[in-house]
Amino acid sequence: MSTHPLALAGRRVALAGAAALTATLALAAPAAAHVEVEADTPQALAEDVTLTFVSEAESDSAGFTELRVVLPEGIAPEDVTLDEAPKGWKFKATSDGYTVSGRALKAGVDGEHKVRVRQLPDAKELAFKTIETYDDGKISRWIELPTGGEDSEQPAPVLELKAAAPGAKPADPGPSSSPTDETPSPTPSAAEPSTEAAGSEPAAKAAEDDEGGSTGLVIGGAVVALAVLGGGAWWLVKRRTAASQS
């Protein structure tokens, strides 16, 4: 009896078992949710760029309530504005980025929002660390940066940029960060003296009047004193003359 049919049958059984095991592991493993970011103009130093973030839902029982994004170096929170978000959600700038939050989304619904960036920095790629919060309190942190080409378990979304266009330059600082946009305190001009300067002449005149009044009082007092002393001397001389005649 040939052993070839038996070997063939054993091989088929092994292949079937491997396929079943692979299917079982695939069903048992959780969905590999992550965050993605795209730009309408993925180019260094591009201005007025719209970024689209998609946070994939990984819970079948809870929905997103907040998405927090940490901005990479070269993008300031004040240079970012909300373009689109789930209905009713609010945008709030933070010290290192921003948040969009609101009423919980339905379980299984991806969290998508768009922001407008004043200008992208001069870089080859930008990593946007993202933290997701669900209405059951669960938090997913997609904050790991790529290192040495190794895959991360919780990778931050990365936006790859093309080289800057010829002649492109960093834009001037925004209104909130430009020192020249601060409202200076009014400075009196030479043609229009300030209130203090305008009032200095009457004040000086009043001071002169006070000084003149004081001087007059001193002189008047001296005259009175001399008159008293003169009268006393005349009375004393007269008295001595009368005494000598008697």
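Trainee: Happy to start at the N terminus: in what order do the elements of the chain run?

Mentor: This is a predicted model, and its chain has 3 helices and 11 strands. From the N terminus on, the order is α-β-β-β-β-β-β-β-β-β-β-β-α-α.

Trainee: How far can I trust it; what is the mean pLDDT of the chain?

Mentor: Good thing to ask early. Residues 18–31 stay under 50 in pLDDT, and the model has 0 contacts beyond four places in sequence for them. Residues 177–219 also stay under 50, with 6 such contacts. Where pLDDT is low, the predicted coordinates should not be read in detail. Over the chain, 57% of residues reach 70 or more, and the mean pLDDT is 74.

Trainee: Which strands are the edges of the open sheet of 4 strands?

Mentor: The order in this sheet is β1-β2-β7-β4, with antiparallel pairing. An edge strand pairs on one side only, and that applies to β1 (35–39) and β4 (80–84). The edges are therefore β1 and β4.

Trainee: And by what angle are neighbouring strands of this sheet turned against each other on average?

Mentor: Direction is ignored for this value. The average is 30°.

Trainee: What is the bridge partner of V35 in β2?

Mentor: Start with the pairing: β1 and strand β2 (residues 47–55) run antiparallel over 5 bridges. V35 lies in β1, which spans 35–39. Its partner in β2 is S55.

Trainee: Let's move inside. Which residues have the most contacts within the largest nonpolar core?

Mentor: That core has 25 residues. At least two of its residues come from each of β1, β2, β3 (64–70), β6 (97–101) and β7 (111–119). The residues with the most contacts inside the core are L51, F53, I75, Y98 and F128.

Trainee: Is H113 buried or exposed?

Mentor: H113 has its place in strand β7. Leaving aside residues up to four places away in sequence, H113 touches L51, T52, F53, L67, V69, E84, A85, Y98 and V100. Its relative accessible area is 2%, and buried means under 20%, so H113 is buried.

Trainee: What distance separates the C-alpha atoms of H113 and L82?

Mentor: These two residues are 31 apart along the chain. Their C-alpha atoms are separated by 8.2 Å.

Trainee: Back to L51 for a moment: which residues does L51 touch, not counting residues up to four places away in sequence?

Mentor: You have already met one of them, since the contact list of H113 includes L51. The full set for L51 is E38, A39, H113, K114, V115, V117, F128 and L159.

Trainee: Now β10. Which side chains of strand β10 (residues 139–142) are buried?

Mentor: The side chains alternate along this strand. I139 and R141 point to one face and are not buried. Those pointing to the other face are buried: S140 and W142.

Trainee: Which residue takes a positive phi in the hairpin of β9 and β10?

Mentor: Strand β9 (residues 129–134) and β10 pair in the antiparallel sense over 4 bridges, and T130 stands opposite W142. The hairpin has 4 residues between the strands. The residue with a positive phi, near 95°, is G137.

Trainee: To finish, what share of the contacts with a separation of 6 or more joins residues 24 or more positions apart?

Mentor: For the chain as a whole, 23% of the 246 residues count as buried. The accessible surface comes to about 17,100 Å², with 57% belonging to carbon and sulfur atoms. As for the contacts you ask about, the share is 70%.

Key. Residues numbered from 1 in each chain as written. Predicted model: local features only at pLDDT ≥ 70, side-chain atom pairs only at ≥ 80, totals over all residues. Heavy atoms only, no water. Buried < 20%, exposed > 50% of the residue type's maximum accessible area, 1.4 Å probe, protein only. Contact = heavy atoms within 4.5 Å. Areas by Shrake-Rupley, 256 points an atom, 1.4 Å probe, with all protein chains shown as cover. Pairing = 2+ DSSP bridges. Axes fitted to C-alpha atoms, helices over the stretch in contact; angles between N-to-C directions. Core = buried A, V, L, I, M, F, W, Y, C linked by side-chain atoms within 4.5 Å. pLDDT = per-residue confidence, 0-100.
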